[in-house]
Amino acid sequence: MEHRIGICFLLLIVRFCWAQYSPNTLSGRTSIVHLFEWRWADIALECERYLGPNGFGGVQVSPPNENVIITDPWQPWWERYQPISYKLCTRSGNETEFRDMVTRCNNVGVHIYVDAVINHMCGAHTGAGDHTTCGSYFNATSEDFPAVPYSGWDFNDHKCKSNSGDIEDYHDIFQVRDCRLVSLLDLALDKDYVRSKVAEYLNHLVDVGVAGFRIDAATNMWPEDLKAIFGSLKDLNTKWFSAGMKPFIYQEVIDMGGEPIKGSEYFGNGRVTEFRYGAKLGTVIRKWNGEKMAYLKNWGEGWGFMPSDKALVFVDNHDNQRGHGAGGAAILTFWDSRLYKMAVGFMLAHPYGFTRVMSSFRWPRYFVDGKDINDWVGPPSNADGSVKSVTINPDTTCGNDWVCEHRWRQIKNMVIFRNVVDGQPFSNWWDNGSNQVAFGRGNKGFIVFNNDDWSLNVTLQTGLPAGTYCDVISGQNNSDSCTAVEVRVAADGTAHFLIGNEDEDPFVAIHVDAKL
């Protein structure tokens, strides 16, 4: 292992090491947003009218390749995770629309990150026919996917040691990586041919101009198989990226601490999703299990998380906001908007990890015995199954049941806050021993939270230059005017904060670009 690390280090020096941790966002842009199930045409517009002007670094898009169409239940969100081919046509749009989106977003400095489903094809029980988003024929029973093409030779049936062919024991790493995840046909990624088809798909997207990939279900693939595929990837398109830049890689590995598969096994390939982040932060903000915000002083590695430069972090994602994936009931989502805004605010203010913001759609939650039986419901759709466009209301929120958390003033302004304080140290921590905390980012920004059941009334050292600042949570800084609470920082860097526990948003954030 030491020998391999040494080789990688040598290669790194000459810029050939394939491991890619840099998000490839433009300088001064520090977060991406997951526009879950959005149409390509709507994403292109959102890049131009909102994401670019407000400093978002990029968009994670839903899988762009052809998938099976499921009608029972009716077109669920998870049909996007059941590939049929690597043709670029889905309910989000066709290849022409995808290319147009990538071009228009790149042109305004917002990069595209593709959710890459490469562990498997569709479910074993989806039948045969052309009920697919491009009309390609397939036969799941005989494992025939002529539009790739893949045949029975290209799947892991011979390697899987479970009785059913599915993963039956999640503590058996061989089953987890060689058997079918919830009956999805498991690709044999140890075969050169299969690797070549996956790399061909990813390289096609690189040619179009994408900046990187979320690797779906990385837990279910051997790290060395992924390494081989990533080693075949082209440099990014020099129309928008500097020569020699590699695709950003972040791998979906669910490592909550008790699993036999560790996130660290994948560090050689790129960043890894830190699922403990949202689960632990949700527990703290909810004040469950005796947790307090005061305990967040050593947040990050001090909580046993992976190294910051390897972590992709988020409060919730498309899986665990529905109770899927990892984190359980602790996960905060838009349904818990007051606490959720605090959690996202904390994430965007804190230096740990590379941050991803969620942007969701509403669905008709219906709990039976503690389980949401509508957790499958797909995006807002018309009667013919086509996805509804994202409409923008006069108050800049979204219509048609698109939640658009990234447009909530508090979250959008904290994305800007993170950009402003980028590179500044974590500083000037204060807490009351309970759920009132504050911290700064060098001499560029300062944030204060009151999650207690009583008022916060305190003078704190902010580290900021003297002057009057506009709180970017309660309102908006418009050139020289402020629609919000004003905070006066004295010559010695101190400021007085008063935050009621009944306030709509019980936190205050100031930064040097919001100085009046």
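Which residues does Leu312 touch, not counting residues up to four places away in sequence? In this predicted model, Leu312 touches Tyr250, Val272, Thr273, Glu274, Phe354 and Arg356. The briefing below sets out that site, two helices, the aromatic pairs, the salt bridges and a nonpolar surface patch.

**Surroundings of Leu312**

- Leu312 belongs to strand β11, which covers residues 311–313.
- The relative accessible area of Leu312 is 0%, so this residue is buried.
- Phe354, one of the residues that Leu312 touches, lies 42 residues from Leu312 in sequence, yet the two C-alpha atoms are 4.9 Å apart in space.

**Helix α2 and Ile43**

- Helix α2 spans residues 40–51 and has 12 residues.
- The end C-alpha atoms of α2 are only 14 Å apart, which falls short of the 16 Å that a straight helix would reach at 1.5 Å a residue.
- The buried residues in α2 are Trp40, Asp42, Ile43, Ala44, Glu46, Cys47, Tyr50 and Leu51.
- These buried residues pack against strands β1 (31–35), β2 (58–61) and β3 (111–116), and against helices α3 (95–107) and α9.
- Ile43, a residue of α2, has 0% relative accessibility and therefore counts as buried.
- Leaving aside neighbours within four places in sequence, Ile43 is in contact with Leu35, Trp38, Val59, Val61, Met101, Cys105 and Ile112.
- Ser264 is 221 residues from Ile43 along the chain, and their C-alpha atoms are separated by 33 Å.

**Helix α9**

- Helix α9, against which buried residues of α2 pack, has 13 residues that should span 18 Å at 1.5 Å a residue; the end C-alpha atoms are 18 Å apart, in agreement with that expectation.
- Because 11 of its 13 residues are buried, α9 is largely enclosed by the rest of the structure.
- The buried residues of α9 include the charged side chains Lys412 and Arg418, together with Gln410, Asn413 and Asn419.
- Also buried in α9 are Ile411, Met414, Val415, Phe417, Val420 and Val421.
- Just after α9, Gly423 adopts a positive phi of about 85 degrees.

**Aromatic pairs**

- The whole structure contains 36 aromatic pairs.
- Trp299 and Trp303 form one edge-to-face pair, at 5.0 Å centre to centre and with 70 degrees between the planes.
- Trp299 counts as buried, because its relative accessibility is 5%.
- Phe346 and Phe449 form a tilted pair, since their ring centres are 5.9 Å apart and their planes stand at 55 degrees.
- Phe346 lies in helix α8 (residues 337–349) and Phe449 in strand β17 (residues 445–450), so this pair ties together parts that are 103 residues apart in sequence.
- Both Phe346 and Phe449 are buried.
- One aromatic cluster is formed by Tyr277, Trp299, Trp303, Phe305, Phe346, Tyr352, Phe426, Trp429, Phe439, Phe449 and Phe507.

**Salt bridges**

- The count of salt bridges comes to 30.
- Arg180 forms a salt bridge with Glu143, with the closest N and O atoms 3.1 Å apart.
- Arg180 lies in the loop between α4 (173–178) and β7 (184–186), and Glu143 in the loop between β6 (138–139) and α4, so the pair ties together parts that are 37 residues apart in sequence.
- Arg180 counts as buried at 18% relative accessibility, and Glu143 counts as buried at 6%.
- Lys159 forms a salt bridge with Asp178, in which the closest N and O atoms are 3.6 Å apart.
- Because Lys159 lies in the loop between β6 and α4 and Asp178 in helix α4, this pair ties together parts that are 19 residues apart in sequence.
- Lys159 is partly exposed at 23% relative accessibility, whereas Asp178 is buried with a relative accessible area of 5%.
- Asp375 forms a salt bridge with Lys371, the closest N and O atoms being 2.9 Å apart.
- Asp375 is buried at 10% relative accessibility, while Lys371 is partly exposed at 46%.
- Glu37, Glu79, Arg80 and Arg91 are joined into one network by salt bridges that share partners.

**Nonpolar surface patch**

- Tyr366, Val368 and Ile373 make a nonpolar surface patch of about 270 Å².
- Ile373 is located in the loop between β14 (371–372) and α9 (409–421).
- With 41% relative accessibility, Ile373 counts as partly exposed.

Definitions and conventions: Residues are numbered from 1 along each chain as its sequence is written. This is a predicted model: local features need pLDDT of at least 70, side-chain atom pairs count only at pLDDT 80 or more; totals for chains, interfaces and linings use all residues. Side-chain values use heavy atoms; hydrogens and water are left out. Patches are made of residues with over 30% relative accessible area and no salt bridge: like charges are joined within 9 Å, nonpolar side chains (Val, Leu, Ile, Met, Phe, Trp, Tyr) within 5 Å. Accessible areas come from the Shrake-Rupley method with a 1.4 Å probe; for residues, only the protein chains shown count as cover. A salt bridge is a side-chain nitrogen of Lys or Arg within 4 Å of a carboxyl oxygen of Asp or Glu. Helices (H or I, at least four residues) and strands (E, at least two) are DSSP runs, numbered from the N terminus. Buried means under 20% relative accessible area, exposed over 50%, partly exposed in between (1.4 Å probe, protein chains only). The expected span of a helix is 1.5 Å times one less than its number of residues. Contact means heavy atoms within 4.5 Å. Rings of Phe, Tyr and Trp (its six-membered ring) pair if their centres lie within 6.5 Å; planes under 30 degrees apart count as stacked, over 60 as edge-to-face and the rest as tilted.
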